There are 2 protein chains.
Amino acid sequence: MTELNQVDNNALSARQREILKIVIEAYTEAAVPVGSNTIRHYGHLDVSTATIRNELVVLEELGYLTQPHTSAGRVPSVKGYRYFVECLMDQIELPLAEQRMIRHQFHQLQLNLDQWMRLTAAILAHNTQAASVITPPYGKLIRFRHLELISINDNLVLLVAVLQDGSIHQEMLIPAEPLVQELLSQYANRLNVLLAGKTAGDVRVTTPDEGTWEPFESTVVQCLADLMSTSEANRPTSFYTEGLENMLLEPEFTASEKFRQVILMLQQHSLLELILPRVVDANGIQIIIGNESDTTQLDDVSLVLSPYGVHGRALGMLGVIGPMRMAYGRAIGTVRYMAQLLNSLLNDVYGGESLAP
Amino acid sequence: MTELNQVDNNALSARQREILKIVIEAYTEAAVPVGSNTIRHYGHLDVSTATIRNELVVLEELGYLTQPHTSAGRVPSVKGYRYFVECLMDQIELPLAEQRMIRHQFHQLQLNLDQWMRLTAAILAHNTQAASVITPPYGKLIRFRHLELISINDNLVLLVAVLQDGSIHQEMLIPAEPLVQELLSQYANRLNVLLAGKTAGDVRVTTPDEGTWEPFESTVVQCLADLMSTSEANRPTSFYTEGLENMLLEPEFTASEKFRQVILMLQQHSLLELILPRVVDANGIQIIIGNESDTTQLDDVSLVLSPYGVHGRALGMLGVIGPMRMAYGRAIGTVRYMAQLLNSLLNDVYGGESLAP
DNA sequence: GAATAGCACTCTGTAGTTTGGACTGCTAAG
DNA sequence: CTTAGCAGTCCAAACTACAGAGTGCTATTC
């Protein structure tokens, strides 16, 4: 058995894996470097501390652990965390009672994506004691579905556009001359027929069956096309965050400079530019630990993120941001459940065939 | 001259005012208790430090200054700041060049309240190096203006409602049985005629001229009334914040616990419940310094807030949150300008007579 | 050869002490 | 009223001493 493990130089023995797991779990709890004594008592390991120390040296040489200084305990490295989440971690599913409670909270809401997102953010933050993040779902190649033109006053028209990913957009337009509601409704009808099911590009080049657009119709088409391409430009303009205050409770962030980087990153939306595409293109949960991302801004945090949405049509991202020593098991369980829940909610609502191209 | 001041025991002599002003300005800059020596050089005061010290004792006895400990310099008290903003402060108007630049940024946006609010928050935060806050404007007694019903799919109808304060609301409804768009449009027309100009309460009790509502019409009326009363419940559900990271740069917030309180307060929306009514009911800029508010959560910060909106119809709040030693002059100048700017933008758009009841 | 007991060594964090400096308040003189 | 001078207070930074936690190594046991 043991020999088998030693054939492959990079493989860890069962005992080494056990020790690595204990180090990570203990460090996650206490945020203090873990020494051989702690390890021995934590997991009822029946070997002496000297033996454990020998193994620690090996684990350190292999890069799974680091030592802040001689004569301190060990701290997991990024490589250590990575190995942990891939091979050692106990998968935690959200307890059924909790699942039921969460579903209950959702059923008390109306059919409003915004409210769903807020609740999701709140639950994620509360459940993981970390900061949470959620973007709205956005489509890749969105088709037009329906528009309305509403006269607000003589100088102002409200354009409401519904796209096939279920998103709703509103924009104010200023007509060159006052237009009565009746005329606006005519325009809307004509446009609805002509543009139905078209993509942004097609919308832009559409012309009427005969004659040309009225000036205001041109404005509307132009605005609609812009709005659709922006939506496609794979960057939701906003996202919700909750639970930032949780991070301030962690010892590694009381130093405030690291925390400041996190806040900055959230406010600059660099998360969206850098991480979102990666999460949405993957399928399943993405775990990004410390410097595995390409930004130094994220060097001191870990992310557990999942795509969600109506598959093939509109995808968003949700997840949590926490210290590298976050409770990955719990975080993953919660993120996975929330993503599934939103998936099914969205599919119930927007998933009917009638939305298909 | 001097005697005149001394007649009233509570009035400060010109020199005392000068000294108080210097203390506050120096403390605002350096965040370090201010001693008699600093005062002498800061303002080219032509008296000895001993004289200044005598005056400091008086100012302290009157409650304008405090001493962190014997043999430290003086720090302004809440009363001191209050006197400063009311009597001593140099009013700063935003430089014209800056005003122009800001207007320019706004003109590049579309007619979209959301975008205006974001830009405002960004400008406020950047300009004052503090955190900024802005709520949407909300009405007190809102009247119905227009609605549209849009069929999303067989089981889903989108209700878009425009109210007379210019706000737009959307809600998803599930009809008991599938309804075609044509029928929905009929419903919408009928409702638009019957409900035009009504308040939430009136909407709720409206019945058709003859017969009764169709079941789905009832649903719509119900939903509309709910939505309008929520809007009136004088609590915007959301607001924007920017520049939180600025606060972390201030020495008083690196201690993180105070900062945590600020974040908590923002996320719990207690700002809305506690402060918003007070700001909106007042007219003009409100300055709240430290414990002048009723929440201990705000004890360590100051707020400079202003109402904005279409007067008598829809009001919101905007402003900044910073340390008590914030640069009040600059903050007030910026807040005032942004409020005026939004006022005029909103009035241009929503202010036409056609919106009047 | 793997596991272990024992021991010397290293490093940190904390508590106690010292010292320099920045102020103040008071007093007496201008 | 103003000011120079001075003694006294308090803090913050620097230094020292020390206990505690933990390691790595070596000699020994199984």
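## Two sides of a helix

Let's start with a definition: a residue counts as exposed when over 50% of its relative accessible area is open, and as buried when that figure is under 20%. Keep those cut-offs in mind as we look at this predicted model.

Take helix 6 of chain A, residues 96–107. Its buried residues include A:Q99, A:I102 and A:F106. They sit on the same side of the helix, because they cover an arc of only 65° around the axis. That fits a general pattern: an α-helix has 3.6 residues a turn, so residues three or four places apart point the same way. Turn to the face away from that buried side and you meet the exposed residues A:A97, A:R100, A:M101 and A:H107.

The length of helix 6 of chain A works out too: twelve residues at 1.5 Å a residue should span 16 Å, and the end C-alpha atoms are 16 Å apart, so the two agree.

## How the two chains match

Give chain B a turn of 180° with a shift of 0.0 Å along the axis, and it can be laid on chain A with an RMSD of 0.1 Å. The two copies are therefore related as by a two-fold rotation axis. Within chain B, the residue that comes closest to that axis is B:S256, its C-alpha lying at 3.3 Å.

## A pocket with both chains in its lining

The second largest pocket holds about 490 Å³ of space. Its lining has 20 residues, and the closest to the centre are A:E148, A:S185, A:N189, B:E148 and B:S185.

Strand 5 (144–153) and helix 8 (181–195) each supply at least two lining residues, in chain A and in chain B. By type, the lining divides into six nonpolar, ten polar and four charged residues.

Technical notes: Residues numbered from 1 in each chain as written. Chains lettered and ligands numbered in written order. Predicted model: local features only at pLDDT ≥ 70, side-chain atom pairs only at ≥ 80, totals over all residues. Heavy atoms only, no water. 1 Å grid on protein atoms, 1.4 Å probe; cavity = no way out; pocket = protein on both sides within 12 Å on 5 of 7 lines; lining within 4 Å. Points joined across faces, edges and corners; volume = space filled by probe spheres on them. Helix = DSSP H or I, 4+ residues; strand = E, 2+ residues; numbered from the N terminus. Nonpolar A, V, L, I, M, F, W, Y, C, P; charged D, E, K, R; others polar. Expected span 1.5 Å × (residues − 1). Buried < 20%, exposed > 50% of the residue type's maximum accessible area, 1.4 Å probe, protein only. Arc of directions from axis to C-beta. Least-squares fit on C-alpha atoms with pLDDT ≥ 70 in both.
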